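Biologist: I should like to learn how the strands of a sheet are read. Might we take the pairing step by step?

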Amino acid sequence: MNIKLSVKCAGIAAFIALQAALPVQAETLPPAAIAALTPPTFDKGKVITGGSQLGPIQITKVAQGLANPWSIAFLPDGDFLITERVGPLRRVSPAGVVSEPISGVPSVFVGGHGGLLDVALSPDFKRNQTIYLSYSESTDGKDPVGLAVATGKLVGGALKDVKVIYRQTPKQALSPYWEFGSRFLFDGKGHVFITHGDNRVNNAPQELDKLAGKIVRLNLDGSVPADNPFVGQKGARPEIWSLGHRNVQGIGFNPLTGDIWATEHGPRGGDELNLIQPGKNYGWPIISYGIDYSGNQTPETIGTHKEGLEQPIYYWARSPGTSGFAFVTADSPWKGNLLLGSLADRQLLRLVIDGNKVVHEERLLSQVGQRIRDVRQGPDGNIYVVTDSPDGGLFRVTPPQAK
């Protein structure tokens, strides 16, 4: 059912009526239940049993005591690299031993949603030992703040030959430093995609001379590919791959189709799952399925549809707070599914995929009761998640076994 809406400063009552008319895409926990959640205490090494609709699962806390962990990368020797948003990069052993901070990490601005964010191994890591880091960077210690990306060689407990290969210009984030996005995706063809939040500057995602609210595509050294969609267009930043995003915190290739999928936060409602294509406009803030945190419609938003602006392939009428995700490619009953972290609802969402459509959703890990910031499939076929809190943990999720 397609409903064309024009909502202007509607208020809470009108929003409730609006949501009643829209097709509900996903059931979420009621706000009172979320507010009542107290994260349980799980000791390192403890195995928690749970259930999926496809069979029993096991949840094991691998490590604890991580300060707002944000991202996971897997080293060839079995260790994990984990960023803590408050600044440190840590190495964690399979036994859960957390290293001292790795030295050589660039100076990181920590504030609001900003800090040390994504970490990824270079596609040629075994040869060059290079990793990529994204982080928020201030202007001489002050506002405004923007996203930056650096590379460095991981040598023991240090980063060497650190180079900043990309800076968001102009920087636009002001206190309280909202929405930096910041996930990496490598395409295997010499390019890296980097997601950006809108820095809480609502019009920026629609402005081609700004990088906030965009997904950019670069060569691995930070230079701009000649075939990016806006190269040569007057007044447009050549780094841009797609625009009209609010806060993309998950991105990956759908292994069934080869297409890029990305999840982004809506405002109050309207989290989205999008199929990303070059040069396309995904609508924020002109169209949205959510409202402003004030309870009114975002002033720039005209409704849920407009010609020339892309529709999500899936959305949530009330935001679960989508974060990092992983497509399951290892053999298990979850193979082909997308596993998506939830910050607000404190769950792991399992989405069943048919081509480029979501046909079913299951909620998992409620017993953990913590904000899930990142989700990755490990080399061993298990799923690893980190939980976003001052005493965050790294958990291993063992999928159901094939019958």
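Biologist: Which residue in E15 stands opposite Gly-250?

Modeller: Strands of a sheet pair through backbone hydrogen bonds, in either a parallel or an antiparallel sense. In this predicted model, the residue of E15 opposite Gly-250 is Thr-263. Strand E15 covers residues 260-264, and five bridges join E14 to this antiparallel partner.

Biologist: What is the order of the strands in the open sheet that holds E14?

Modeller: The order is E14-E15-E16-E17, four strands with antiparallel pairing. Strand E14 (248-253) and strand E17 (314-316) form the edges, each pairing on one side only. On average, neighbouring strands of this sheet are turned by 15° against each other, direction ignored.

Biologist: Which are the edge strands of the open sheet with the order E10-E11-E12-E13?

Modeller: That sheet has four strands with antiparallel pairing, and its edges are strand E10 (181-186) and strand E13 (240-242), each of which pairs on one side only. From one strand to the next, the twist averages 30°.

Biologist: How many bridges pair strand E12 with E13?

Modeller: Two bridges pair E13 with strand E12, residues 215-219, in the antiparallel sense. One residue pair can be named here: Val-216 has Ile-240 in E13 as its bridge partner.

Biologist: What is the mean pLDDT of the protein?

Modeller: The mean is 90, and 90% of the residues reach 70 or more. Over residues 1-29, however, the pLDDT is below 50. Beyond near neighbours in sequence, that stretch has 48 contacts in the model.

Notes
Residues are numbered from 1 along each chain as its sequence is written. This is a predicted model: local features need pLDDT of at least 70, side-chain atom pairs count only at pLDDT 80 or more; totals for chains, interfaces and linings use all residues. Side-chain values use heavy atoms; hydrogens and water are left out. pLDDT is the predictor's confidence in each residue, from 0 to 100. Contact means heavy atoms within 4.5 Å. Two strands pair if DSSP finds at least two bridges between them. Axes are lines fitted to C-alpha atoms, for helices over the stretch in contact, and angles run from 0 to 180 degrees between N-to-C directions.
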